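User: I would like to learn how to read a protein model feature by feature, starting with the strands and ending with single residues. Could you take me through one?

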Amino acid sequence: MNGIGGGLDGIFEIEGANAVFVAPPQVLSKSYLHYSVDASLYYARSVLLDAVASTQAPSKEAEDDERKRKRKRKNKKRVYELNEKEALAELRHQEARSCILNAHEAFRLSSRLLEFRRNCKNKTKIILSCEECHLTTISQDRDIELDFVKLAGVWQAPLYKLTLPSKVEENVVHDLDAEVGEEMQNYSLFNMWIENKRSEEVIGKVTGFNFLLPKKCRFFISDIAQIRRLIPDSSSNGYNLLVIDPPWENKSVSRRALYPTLPNKQLLRIPLKSLVHLDGALVALWLTNRQKLHQFVEQELFPTWGVKLITTWYWLKLTTEGELISSLDLTHHKPYECLLIGYALQKLPEETFAMREDGLKPFIRNVPAGLVALSVPGDHSRKPPLGLLLSQCAPHGSRSVSCLELFARELHPGWDSWGNEPLYFQNMKFFRKE
Ligand code: SAM
């Protein structure tokens, strides 16, 4: 497995499997000197509630319902034949299934992770013991969150500013709690690159809300209509790693009003080839399990972007007890999501790409095939932080890897992040002072 994940804080290799266990708050906290990510606000409410439910006996009605559902499924199975799309989805699932079962079994047997799991369980108990107040805090916080998408839509949007300490020299340590004085500078919030050049985190303010910006990060808040503004002035300034988590149209996201979604044809307009570095780039695309989406990506999106699919990684979602969040074989609700990993070359026609495929072989070997990343899911459909793992696989010659996240909701040191709300998880309420 190429030793992937070895030596990265919060990412643990699982012996005997092509898999890693990820502890997101631990990984993310490494980006800050004076703050850490508050684990009790990181994890998904549903996971915490399930953990409560698992400590209570199921009600009689719930048991009856489950019995009825099982009977119905059994009867349906006898007469049901898969159509072509379902058969392809099943084939894909079977491929994922073996990687996942192997990874989960190795995770359960891993003695190294046993202590960590015990720790995680204890922490959950603490969260659950004050669970009522915890959940109330979350729902109250939601009401007072800054809604960047709404803010960008009002006529005053060009007037909104992010305020940062000014006259900041690189490598100079500043007092993060310093009072706001004349040493503050305003930056237009939307449609501009904003950068923290310092070697430590800094607090920025927008209309009374505080946001923590990790060291050496850059971000650009805009609608996709402005995406061409991300194209670097020179091709040698392009990116070696692009992580993309599009707002796929999805009933569950719309119902929960999590964020606005985008039709597939809008994604075809992302000028991916123009974002790629001269040496090429690793492209990692998050995808749900809908077969229609997989077909769209393989047949339209990747060919348009000039991306060659290398392999698929899987994110396996665990409960705080280390079990799968749902049965592996449910038709419409799988406990895993896919991360398609591809390789893109800059502005090259397809034929040249094919000709150079041989030259890609050493690069492709660098990317573990079918890797499974296991983690307890974060709230608000948050993806686990796999950026460091991915950057180990990106091409970069003797330079450091240049990374861009598209549709980002958080920032990372050294990365560029774009989306209509890349400051979302940088809200100070998600952090604790060390
Ligand atoms: N990877 C993120 C995480 O783990 O938290 C989740 C990204 S979420 C699937 C998609 C993001 O795209 C949301 O923040 C959403 O607001 C944003 N988005 C939706 N429509 C957009 C648009 N027209 N332009 C820019 N961003 C958009």
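User: How many bridges join β1 to strand β2, and do the two run parallel or antiparallel?

Analyst: A word of care first: this is a predicted model. Pairing is read from the bridges between two strands, and here three bridges join β1 to β2 (residues 19-22), the two strands running antiparallel. Within that pair, Ile11 stands opposite Val22 in β2.

User: Which strands make up the sheet of 11 strands, and in what order?

Analyst: The order in a sheet is read from neighbour to neighbour, which need not follow the numbering. In this open sheet of 11 strands the order is β1-β2-β14-β12-β13-β11-β10-β15-β16-β9-β6, and the pairing is mixed. The edges are β1 (11-13) and β6 (193-196), each of which pairs on one side only. Neighbouring strands are turned against each other by 20 degrees on average, with direction ignored.

User: Where does helix α12 lie with respect to the strands?

Analyst: For a helix packed on a sheet, one asks which strands it crosses and at what angle. Helix α12 (residues 291-305) lies across β10 (241-244), β11 (281-287), β12 (307-317) and β13 (336-344), and it runs at about 155 degrees to β11.

User: Leu309 has its place in strand β12; is Leu309 buried, partly exposed or exposed?

Analyst: The answer comes from the relative accessible area, where buried means under 20% and exposed means over 50%. Leu309 has a relative accessible area of 38%, so it is classed as partly exposed.

User: Which residues does Leu309 touch, leaving out those up to four places away in sequence?

Analyst: Leu309 touches Glu298, Phe302, Leu340, Ile341 and Gly342. With Gly342 one can also compare separation along the chain with separation in space, for the two residues are 33 residues apart along the chain while their C-alpha atoms are separated by 4.1 Å.

User: What is the relative accessible area of Ser391, and is the residue buried or exposed?

Analyst: Ser391 is found in helix α15 (residues 387-391). Its relative accessible area is 17%, and Ser391 is therefore counted as buried. Apart from residues up to four places away in sequence, Ser391 touches Leu241 and Val401.

User: How many residues lie between the strands in the hairpin of β7 and β8?

Analyst: A hairpin is read from its strands and from the residues that link them. Five bridges join β7 to β8 (residues 209-213), and these strands run antiparallel, with Asn210 in β8 as the bridge partner of Lys205. There are two residues between the strands, and in this hairpin Thr207 takes a positive phi near 40 degrees. Strand β7 (residues 202-206) is mostly covered, four of its five residues being buried.

User: Which residues come nearest to the ligand?

Analyst: For a binding site, one starts with the surrounding residues and then turns to individual atom pairs. Of the 18 residues around the ligand, Asp245, Lys383, Arg409, Asn420 and Glu421 come nearest. An oxygen atom of the ligand is 2.7 Å from an N or O atom in the side chain of Glu421. A nitrogen atom of the ligand is 2.8 Å from an N or O atom in the side chain of Asp223, and a nitrogen atom of the ligand is 2.9 Å from a polar backbone atom of Ile224. Taken alone the ligand exposes 600 Å², and the protein buries 97% of that.

User: What percentage of the 434 residues in the protein is buried?

Analyst: Buried residues make up 48% of the 434 residues, in a protein that has 15 helices and 17 strands.

Key. Residues numbered from 1 in each chain as written. Predicted model: local features only at pLDDT ≥ 70, side-chain atom pairs only at ≥ 80, totals over all residues. Heavy atoms only, no water. Pairing = 2+ DSSP bridges. Axes fitted to C-alpha atoms, helices over the stretch in contact; angles between N-to-C directions. Contact = heavy atoms within 4.5 Å. Buried < 20%, exposed > 50% of the residue type's maximum accessible area, 1.4 Å probe, protein only. Near = heavy atom within 4 Å. Polar contact = N/O pair within 3.5 Å; in protein donor to acceptor, adjacent residues only side chain to side chain. Areas by Shrake-Rupley, 256 points an atom, 1.4 Å probe, with all protein chains shown as cover.
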